[in-house]
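I opened the coordinates today to look up a few local features. My notes follow in the order I made them.

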Amino acid sequence: MSLKDSLNKFKLQQEKCQSTLSSIAARSGSSKAKPPPKPTPANAPSLAPTRAPTPPVKFSNDTERLQHINSIRKAPVGAQIKRVIDLLLETRLAFTPEQINEACYVDANANKAVFDSLRNNPKVSYDGKRFSYKSKHDLKDKSELLVLIRKFPEGIQVIDLKDAYPTVLEDLQSLKAAGDVWLLSNFDSQEDIVYPNDPRSVIKVDDDLKQLFRGIELPRDMLDIEKDLQKNGMKPATNTAKRRAMAQVHGINPKTKPKKKQRQISNRTKLTNAHLPELFRTET
């Protein structure tokens, strides 16, 4: 069959279909029209349940989440370990590898390097099933904290205590306010060191520190002493300038005390720093 014959046959089929549709439309138009439905009152309940429109499916959020998970699992082992340790430190809970994967997307079961590093990390405790955070000092509250500090008369770094339990820094400030400990800064490392404020503690003092202590000569004028304290970030307990101004208002001339000869400390001298006897021991 030629192409022309095929086209003619297709046109005849189209004409037949068109005539069929026209006859169907004519029959339906001549049929009796149905009466319109009765109107429904505005407050009448609807019999047919109304369905809320289905929101369109969005794949962008899920794609971003999968990309985020993939970036975490492709990160270096050290970065994944830090992510897990931060989780353990923040929650203070024990997690199985499956729970870790759900919480922070680090799949320790699928990455042997991550699993082994977690198991051998000094900040992580592993009981054979769950991982948990392990602080340097196992403390639970302020009383245990004070007992530990008193075991270190020469001081203990705050950085070694700050992860013991969640409120340890607040408890340190509370102990300081109560006068149970001293909090001092190390000028070399800029780290805080906590010392027990216990007069029963005997502290060993190095010879160079003793010589430095004995070689310091304080200024004769209290104004100079107060200035030196302020230079070192300390607030003086006295205000000599204000006291002298008040004295002048009342017509009192302040007298500078003459420098007295430094007297030796005898056995009868009452020492307020009894826990630092080496500083007050006379060289022979």
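In which loop is leucine 218 found? I traced the chain and placed Leu218 in the loop between helix H8 (207–215) and helix H9 (222–231). I keep in mind throughout that this is a predicted model.

Entry 1, the surface. I looked up the accessibility of leucine 218: the relative accessible area is 60%, so the residue is exposed, the cut-off for that being over 50%. I then asked which residues join Leu218 in a nonpolar patch on the surface. The patch is formed by Leu209, Leu212, Ile216 and Leu218. Together these residues have about 420 Å² of accessible area.

Entry 2, aromatic rings. How many aromatic pairs does a search of the whole structure find? My search returned 3. One of them is phenylalanine 115 with phenylalanine 131, an edge-to-face pair with 5.6 Å from centre to centre and 80 degrees between the planes. Phenylalanine 115 belongs to helix H5 (residues 112–120) and phenylalanine 131 to strand S2 (residues 131–133), so this pair ties together parts that are 16 residues apart in sequence. I checked burial for the two rings' residues, and both phenylalanine 115 and phenylalanine 131 are buried.

Next I took tyrosine 126 against phenylalanine 131. The ring centres are 4.3 Å apart and the planes are at 25 degrees, so I noted the pair as stacked; the cut-off is under 30 degrees. Is tyrosine 126 buried or partly exposed? At 26% relative accessibility, Tyr126 counts as partly exposed, because buried means under 20%. For phenylalanine 131 the relative accessible area is 0%, so I logged Phe131 as buried. I recorded Phe115, Tyr126 and Phe131 as one aromatic cluster.

Entry 3, helix H4 and its flanks. Which residues of helix H4 (residues 97–104) are buried? I listed Pro97, Ile100, Asn101 and Cys104. Looking down the axis of H4, I found these buried residues within an arc of 100 degrees, so they line one face of the helix. Just after H4, I noted that tyrosine 105 has a positive phi of about 65 degrees.

On the other flank I looked up threonine 96, which lies in the loop between helix H3 (77–91) and H4. Its relative accessible area is 10%, so Thr96 is buried. What does threonine 96 touch, not counting residues up to four places away in sequence? I found Lys129 and Arg130.

Conventions. Residues numbered from 1 in each chain as written. Predicted model: local features only at pLDDT ≥ 70, side-chain atom pairs only at ≥ 80, totals over all residues. Heavy atoms only, no water. Phe/Tyr/Trp six-rings, centres within 6.5 Å; stacked < 30°, edge-to-face > 60°. Helix = DSSP H or I, 4+ residues; strand = E, 2+ residues; numbered from the N terminus. Buried < 20%, exposed > 50% of the residue type's maximum accessible area, 1.4 Å probe, protein only. Arc of directions from axis to C-beta. Contact = heavy atoms within 4.5 Å. Patch = residues over 30% accessible without salt bridge, like charges linked within 9 Å, V, L, I, M, F, W, Y side chains within 5 Å. Areas by Shrake-Rupley, 256 points an atom, 1.4 Å probe, with all protein chains shown as cover. Salt bridge = Lys/Arg side-chain N within 4 Å of Asp/Glu carboxyl O.
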